[in-house]
Amino acid sequence: MAAIASSELITNDGGSVFHLHLRPGEIAEKIVLVGDPGRVKMIADRFDRVEQRQANREFHAITGTYRGQRLSVLSTGIGTDNIDIVVNELDALVNIDLVTRRPRAEKQTLELVRIGTSGAIQPHVPLGAFILTGTSIGLDGVLRYYKGHERVRDIEMEAAFTEQCRWPLDLARPYAVHSSPSLVERLYVEGITTKGVTLTASGFYGPQGRALRLPLQEEDINDRIARFSHRGARVLNYEMESAAIAGLSALLGHRAATICLAIANRATGEALPDYKSRMEQLIAHTLDQFTRQTKTLSS
Ligand code: URA
């Protein structure tokens, strides 16, 4: 294969990738993704040892060990546009030789777990719930730019969603992607996590059905979404990154899942602005479950 041109894969002096400012070897195979750069230190404070810190723009990274296992934490900022950068550059760090600029023959599989905040849309989901994403439905357009997206999408679920929600044709076409089953199995604990479908929106206000001064084109969209049901699965929450992480990871051969704290409930109108202590609990749960040893690591 021809070398990838400098314009397509930009690297910095010193050999780091363009936005993340990380060099090969500076990330672990297991990576926790968070939106907020401030949450990177909160997570790394639980590490046994820190070996590496890096920061550029909203992308802050710390690599170290947690209970003896190598682990990285990286902030992505908000939105699927940033996820396009983060997942492509993480993959380049392990699967492209940045000197010859050619893909490596042996591909490495990363495990990515996003810990985020989200807004529940079902009235029975309490504030502070830990919502584990079994499937993400992306309401952004990022995944469809990549060839082969149909391989990783649940096309039947998308069709059911589009029909039941009477999805407007002038919005981006929803795409459904499952989280890695092995990560979901590891992160799920009955009575602690609630598993369901997560919507990844392309904005916080209008794209999640919030109207401040601007009225919405589709006023009852959240009621339609809350009624959606497919093979027993219901939409539980809105956030802004999960579908692109799951979709790009699946295309590149990585494993990904998302777990979110419900800091708002759109059906009841409540919010939990002071969620730091509950987030600490979600972080503790996720790190323990993510790094626990399992029998199968195949999917
Ligand atoms: N993050 C979101 O994207 N939506 C919410 O309602 C809360 C957090």
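Into which domains is the protein divided? The protein comprises domain 1 (1-108) and domain 2 (115-299). The description that follows concerns a predicted model.

## Domains and nonpolar cores

Taken over C-alpha atoms, the centres of domain 1 and domain 2 are separated by 23 Å. Each side contributes to the contact: 27 residues come from domain 1 and 27 residues from domain 2.

The largest nonpolar core has 34 residues. Leu20, Ile27, Ile31, Leu33, Leu74, Leu90 and Leu112 are the residues with the most contacts inside this core. At least two of its residues are supplied by each of β1 (30-34), β3 (59-66), α2 (80-95), β9 (175-178) and α7 (242-252). Helix α2 gives the most, with seven residues. Where does this core lie in relation to the two domains? Domain 1 (1-108) and domain 2 (115-299) both give residues to the core, so it lies between them.

Another core, of 26 residues, lies apart from this one. Among its residues are Tyr66, Ile115, Phe130 and Ile283.

Ile31 offers a view of the surroundings of one residue from the largest core. With neighbours within four places in sequence left aside, Ile31 is in contact with Ser72, Leu74, Leu90, Leu110, Glu111, Leu112, Val113 and Phe290.

Helix α7 also deserves separate description. It is largely enclosed by the rest of the structure, because nine of its eleven residues are buried. The buried residues of α7 are Ser242, Ala243, Ala244, Ile245, Ala246, Gly247, Leu248, Ser249 and Leu251. After α7 comes Gly253, which has a positive phi, near 90 degrees.

## Salt bridges

How many salt bridges does the structure hold? There are 18 salt bridges in the structure. In general, side chains of opposite charge can pair when their charged atoms come close. Three of the pairs are set out below.

| Pair | N to O distance |
|---|---|
| Lys41 and Asp45 | 3.0 Å |
| Glu158 and Arg144 | 3.7 Å |
| Arg224 and Glu218 | 3.1 Å |

The side chains of Glu158 and Arg144 meet in a salt bridge. Glu158 lies in helix α4 (residues 155-164) and Arg144 in the loop between β8 (130-138) and α3 (149-152), so this pair ties together parts that are 14 residues apart in sequence. Glu158 is buried, at 5% relative accessibility, whereas Arg144 is partly exposed, at 22%.

Is Arg224, which forms a salt bridge with Glu218, buried or exposed? Arg224 is buried, as its relative accessible area is 4%. Its partner Glu218 is partly exposed, with 24% relative accessibility.

In the pair formed by Lys41 and Asp45, both residues are exposed.

Salt bridges also link residues into a network, whose members are Lys30, Glu111, Arg186 and Arg255. Glu111 of this network is also one of the residues in contact with Ile31.

## Surface and loops

Which residues form a nonpolar patch on the surface? The patch is made of Phe204, Tyr205 and Leu212, which together have about 340 Å² of accessible area. Phe204 belongs to the loop between β10 (193-200) and α6 (221-227). With 40% relative accessibility, Phe204 is partly exposed.

His124 is placed in the loop between β7 (111-120) and β8. This histidine is exposed, having a relative accessible area of 59%. Along the chain, His124 and Ser75 are 49 residues apart, and 30 Å separate their C-alpha atoms.

Two arginines have a positive phi. For Arg57, which is not a glycine, phi is about 50 degrees. Arg57 is located in the loop between β2 (49-56) and β3, and it is exposed, at 65% relative accessible area. Arg231, likewise not a glycine, has a positive phi of about 45 degrees. The loop between β11 (229-230) and β12 (233-239) holds Arg231, which is exposed with a relative accessible area of 57%.

Technical notes: Residues numbered from 1 in each chain as written. Predicted model: local features only at pLDDT ≥ 70, side-chain atom pairs only at ≥ 80, totals over all residues. Heavy atoms only, no water. Salt bridge = Lys/Arg side-chain N within 4 Å of Asp/Glu carboxyl O. Buried < 20%, exposed > 50% of the residue type's maximum accessible area, 1.4 Å probe, protein only. Helix = DSSP H or I, 4+ residues; strand = E, 2+ residues; numbered from the N terminus. Patch = residues over 30% accessible without salt bridge, like charges linked within 9 Å, V, L, I, M, F, W, Y side chains within 5 Å. Areas by Shrake-Rupley, 256 points an atom, 1.4 Å probe, with all protein chains shown as cover. Core = buried A, V, L, I, M, F, W, Y, C linked by side-chain atoms within 4.5 Å. Domains from an automatic or database assignment. Contact = heavy atoms within 4.5 Å.
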